[in-house]
Structures are given as structure tokens and as C-alpha cells.
Amino acid sequence: MVKVSNQNQYIFFNNSHTTAKPSSMEKEKQVYAKQPHERRATEEVKLAATAISLNVRLRSSDMPVYMQQRALHFVRSLVDSAPKNSRPNPTHLARALKKEFDLAYGPAWHCVVGKSFGSFVTHSPGGFIYFSLDSLCVLLFKTEVQLIKET
């Protein structure tokens, strides 16, 4: 006796089962399932190339690649636009990066810039990056905010 279940793609032969060969649709699903991983790998290679070209050392992050690239480019442009004779002001860099990310990705971004600092922060998923640029370290993270409604 042979039973075919379309839902699970199993063929049953007298109480024993073997997996049927995948259909062309199943093969497409398998290929599509691999594409996000391949895209992530490609994006990560591009991010590494960006970090090298900007002379940035990416220490830790759980941000999407496009947000990481924005942060790296933004801070590099701020540092490069500072007068050649003086060092960039870490407070100004932190304020500018925080405002940039608040405008682009919503409120509650926090930024710490300096040469030596310790931190232990809680952040929203997908909202954390820590990198160094020249002699400065940059910590950028997002927290959740809940609006208080007046009654």
C-alpha cells in the first residue's frame, strides 16, 4: 500500500517512510533560504572593506550593516572636518552622532566618545556599535522609550 502526503512530502510504504525527492518548488525554497546568509556575508565583507578604508576598527556590534556603515562614515567625516591643528572635541562628536541617529532611526540613541572609558549598557536589539577611530573610541546604542501620556 502506498500513501503520498503532499503536505509533508513523505511516501509511506507499509509503515516505513522515506523522504520523497524535492520538487522544483522545494529546490527554489532551499536556494532562497541560502540567499539571506550569502547576502549577509557579502554585506559583512563590504563593511570590513569600509572599515579598512576609513581606518576604523570595529570592536563590537549588533546593528544592521547599513547602520554601521552610516555611523562609521559619519564619524570619519566629522573627524576629517576638524581643524588640522586641533583634536576633535569628543563631546561635539557624541552630540552630532546621537542627533544624526535620532533623526534617522528614531529617538533614544546614546553616544559616548573618548580615549578611555568603561561602560556597561543595556540596549535595544539591533542598536549597538562600538568602534575606534584614530585614538578615539565610540560607543553608540539605542534604548527603548515609552511616551508618557498626560491625563
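**Exercise 1.** Determine what percentage of the chain's residues count as buried in this predicted model, and describe the accessible surface.

*Solution.* Taking buried to mean under 20% relative accessible area, one finds that 26% of the 151 residues of the chain qualify. The accessible surface of the chain then comes to about 11,100 Å², and carbon and sulfur atoms account for 54% of that area.

**Exercise 2.** Set out the order of helices and strands along the sequence, and state how contacts are spread over it.

*Solution.* Counting elements gives three helices and seven strands, and reading along the sequence places them in the pattern β-β-β-α-β-α-α-β-β-β. Turning to contacts between residues at least 6 apart in sequence, 50% of them join residues at least 24 apart.

**Exercise 3.** Work out the strand order of the four-stranded open sheet, and explain why strand 4 and strand 5 each have one side without a neighbour in it.

*Solution.* The pairing is antiparallel and the order is 4-6-7-5. Strand 4 (56–61) and strand 5 (109–114) therefore stand at the edges, where each has a single partner strand, so that one side of each lacks a neighbour in the sheet. From one strand to the next, the twist averages 15°. Strand 4 is joined to strand 6 (residues 128–133) by five bridges, and Val56 has Leu133 of strand 6 as its bridge partner.

**Exercise 4.** Identify which strands helix 2 and helix 3 meet, and at what angles.

*Solution.* Helix 2 (residues 65–81) packs on the sheet, where it touches strand 4, strand 5, strand 6 and strand 7 (136–142), and its direction makes about 35° with that of strand 6. Helix 3 (residues 90–105), in turn, lies across strand 5 and strand 7, running at about 155° to strand 5.

Note on methods: Residues are numbered from 1 along each chain as its sequence is written. This is a predicted model: local features need pLDDT of at least 70, side-chain atom pairs count only at pLDDT 80 or more; totals for chains, interfaces and linings use all residues. Side-chain values use heavy atoms; hydrogens and water are left out. Helices (H or I, at least four residues) and strands (E, at least two) are DSSP runs, numbered from the N terminus. Buried means under 20% relative accessible area, exposed over 50%, partly exposed in between (1.4 Å probe, protein chains only). Contact means heavy atoms within 4.5 Å. Accessible areas come from the Shrake-Rupley method with a 1.4 Å probe; for residues, only the protein chains shown count as cover. Two strands pair if DSSP finds at least two bridges between them. Axes are lines fitted to C-alpha atoms, for helices over the stretch in contact, and angles run from 0 to 180 degrees between N-to-C directions.
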